[in-house]
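Work through the exercises below with the sequence and the model open side by side. Each task is followed by a solution in steps.

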Amino acid sequence: MFKLLTKNFWDVVARLILRNKIGILVVILITTIFFSRQWDNMRFTYTEANLLPDDHPVTVTYNEFFEIFGEEGNLVVLGVKDSSLFTVEKLNAWNNFSEQFKAFDEVEAVISLKDLKKLKKDTEKERFVLESFITDSVSSAAEISKLKEDLFEKYPFYDNFLFNKETQTIRTAIYLKKDIVNTAVRKDFVFNDLIPLIEEFENTYNLDVRASGMPYVRTLNAQNIVDEIGVFIGAALLVTSLIFFFFFRSFRATLISMFVVCLGVMWTFGIIGLLEYEITVLTALIPPLIIVIGIPNCIFLINKYQHEVKLHGNKVKSLQRVITKIGNATLMTNVTTASGFATFMLTESTLLKEFGLVASLSILAIFILCLLIIPIIYTFLPFPKDRHLEHLNKRWIGGFVNWMERMVKQRRITIYIASIVLLVVSMIGMNQIRISGSLIEDMSKTSSFFEDIRFFEEEFNGIMPLEILVDTKRKKGVTKLSTLKRMDELEELIIETPELSKPISVVGLVKYAKQAYTNGNPKYYQLPTSQENLFISSYIKNSTSEVDLLKDFVDSTGQYARITTFMKDVGTDKMERIEENIQTEIDKVFPEEKYDITITGKALVFQKGTKYLVKNLAISLTLAIFLISLFMAYMFRSFRMIIISLIPNLLPLVITAGLMGFLGVPIKPSTILVFSIAFGISVDDTIHFLAKYRQELQANHWKIRVSVYAALRETGVSMFYTSIVLFFGFSVFTISSFGGTVALGALVSATLLFAMLSNLLLLPSLLLSLERSIANKQVLKEPSINIIPDDDDDNDIIENN
């Protein structure tokens, strides 16, 4: 009954499409215009993607820190490592260059050498006063020598903040206003103001200025993502069109396919705009992904049309059969692919939810466009010429099919041994996979800003902020000497950790105050005694508001303090060890009943987010396997067939995981998608093969051997075509400047190639080896959905065009 309903449904669909051509084209045009107007709602991300859900403890902790101290990633640093900087002309030019940024509305504060102050003791008024190292400008080499002596020898408070005394690298700190850091204003400032001024200064004074800091890096990295979208789309169109033309040798068919997938890309951008999602490193992959997935739909539909035309020469009947026979199979395969992506929506990660929703909707959209546009366009086109049908008789394709059939007939043991060996070796490789939580690992290694990141790592131990929030649980608890001593002990551990920069906190300021109290003797750059603390506190109270030592490091109530350090780009394992060492010291130094200490900052949040995504990967992949298994169970109504069909699709995933381990490709947000994408796509070949196999069983009176070989010959060519398109289509991602995107493209391509071989060799071998256990109608019952209709004589449902 259901089979009849399905057949009637597709008969109705074919009738509606071919009898309402103009109306459907008008609807597609209107929909395309509607989606194109949604493009204005697209926005490019100005923040790091939060990989954790909003209620995750790490996110909650970071938000608490944000509420108290605001955005911590607002620092842009400019640096110069050149001995010629310490000349009168260039040093004054550098100070003036830094000074001009104070005039910009986007800038909250600028700290350069000219802004550094000596903290002095005013004995007469019992207060501290500030005195500039450089009053206006330097006028002689002697002044520069005195300045270097003061900075590098006498004032350890500033060491490793604006200069590295060992290499004499100088830098300027530009603090952007916190309310513009995560907006488009930041981008305008970086591209329209900061970079042009840097280039002008470099050209004028022949100095190499390095720029970095999270706002700067994020801006340039986001621009790279935007720039690569166009490159990916162009490359995907070029590669898939060339392969398509190579197979079909028809400009007409190639142009039709390109037109359809271009519409699909337009709809994808429209979906992103309609949902008001940001363009992230993941959603940027969807448009070229739609091209790569859409072309196989075109291959199946056009190949079937040409096959039918060659068979009986009736164009209208051929188009009707394209819809009724291929429409259902293409729908099933697109639904399984979309289901693989849709499982990301069941995770708790906002980033993956958005990617999953847009990808699954776009896949269904490209299916609808293919099913509607291709048959309609062909109704207006003349009958295919003989040269357009030549590809159906290619000898090399026949040779490939014969090779597969020969392998399945004669070399099944070889296939099984090879599969087991690959499985064992891959499982060894899987044990070597590492997890990467690096903020910058996926960034373009050839870009200048990446080189600048490495520069600041070498000179100042990194740019990625790591924050420690100290809650004393009482007002003015931070100013207690006991609290300062505990913080100092923790800072000693940070200083001894080579991956972390010198910490900045109220502790350094109090030490600086004692040095000033002892007339600037650097030997006394240390925490005061209890008695000294009383005198120093009175000096601080008598100081003018200009000497506000606590503003950026202690909240207004004095209950909270922050310890800021910056981190090198380290792997997840090393990051976890650093966190563990810091937490051990915290537990030892700070009594739990008196203090609440939390570690946060963007570096830690991203690392935790990556680990969280790994867990979600396992969940989404398991859900995808379960969902597709249910789907296939509903289609084939056989538990044994589910097991048989899953084996050739899971083996390529294990092989890919093994490759990642052996090649040192880590699990990270970009490569985390490989398995679900590959499984969702590769299972399509299995569905096509098993659907044809089931049909052949009925036609050949349940003779499994005959049916397997017939299904192999029938589906092998289409599976080969689509797999080659997918292989080269995903390979375009390897031209990316982002390491993670390159890995994603290469791994998915390799997985799909393994999946094709697995479905064409291992799957039919399993069917033949297990023929006794599946050679009866009880195992292969009448399917709930007849994916490929029987090749009975169609009653023409369309009498005229």
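The exercises cover confidence, one cavity, two buried residues and two residues with positive phi.

The model is predicted, so local features need pLDDT of at least 70 and side-chain atom pairs count only at pLDDT 80 or more, whereas totals for chains, interfaces and linings use all residues. Residues are numbered from 1 along each chain as its sequence is written, and side-chain values use heavy atoms, with hydrogens and water left out.

**Exercise 1. Confidence**

Task: Find where in the protein chain confidence is lowest and where it is highest.

Solution.
- Step 1: pLDDT is the predictor's confidence in each residue, from 0 to 100. The protein chain averages 80, and 89% of the residues score at least 70.
- Step 2: Helices (H or I, at least four residues) and strands (E, at least two) are DSSP runs numbered from the N terminus. Confidence is lowest in helix α24 (residues 771-774), with a mean of 57, and highest in helix α2 (residues 21-37), at 93.
- Step 3: The pLDDT is below 50 over residues 775-779, a stretch with 8 contacts (heavy atoms within 4.5 Å) beyond near neighbours in sequence. It is also below 50 over residues 792-801, where the model has 23 such contacts.
- Step 4: Where pLDDT is low, the predicted coordinates should not be read in detail.

**Exercise 2. The second largest cavity**

Task: State which residues lie closest to the centre of the second largest cavity, and which helices supply its lining.

Solution.
- Step 1: A cavity is a set of points, on a 1 Å grid over the protein atoms alone, where a 1.4 Å probe fits but cannot get out; lining residues have an atom within 4 Å of a point. The structure holds 12 cavities of 30 Å³ or more.
- Step 2: The second largest has a volume of about 170 Å³, a volume being the space filled by probe spheres set on the points. Its lining comprises 15 residues, of which P296, N297, F300, T333 and D684 are the closest to the centre.
- Step 3: At least two lining residues come from each of α9 (286-312), α10 (315-342), α21 (674-699) and α22 (704-731).

**Exercise 3. Two buried residues**

Task: Describe the surroundings of T219 and V478.

Solution.
- Step 1: T219 lies in helix α7 (residues 214-248). Its relative accessibility is 3%, so T219 counts as buried (under 20% relative accessible area; exposed is over 50%, partly exposed in between, with a 1.4 Å probe and protein chains only).
- Step 2: Not counting residues up to four places away in sequence, T219 touches R186, K187, V190 and F191. The side chains of T219 and R186 are joined by a polar contact of 2.7 Å (a pair of N or O atoms within 3.5 Å; within protein, one must be able to donate a hydrogen and the other to accept it, and residues adjacent in sequence count only if both atoms are side-chain atoms).
- Step 3: A polar atom of the T219 side chain also lies 2.7 Å from the backbone oxygen of P215.
- Step 4: V478 is in the loop between β10 (464-471) and α15 (481-496), and is buried at 1% relative accessible area. Beyond four places in sequence, its contacts include T472, V554 and Y560.

**Exercise 4. Positive phi**

Task: Locate E276 and N519, and say whether each is buried, partly exposed or exposed.

Solution.
- Step 1: E276, not a glycine, has a positive phi of about 55 degrees. It is in the loop between α8 (251-274) and β9 (278-279), and is partly exposed at 46%.
- Step 2: N519 has a phi near 65 degrees. N519 sits in the loop between α16 (506-517) and α17 (530-542), and counts as exposed at 66% relative accessibility.

Definitions and conventions: On a 1 Å grid over the protein atoms alone, a cavity is a set of points where a 1.4 Å probe fits but cannot get out, and a pocket is an open set with protein on both sides within 12 Å along at least five of seven lines; lining residues have an atom within 4 Å of a point.
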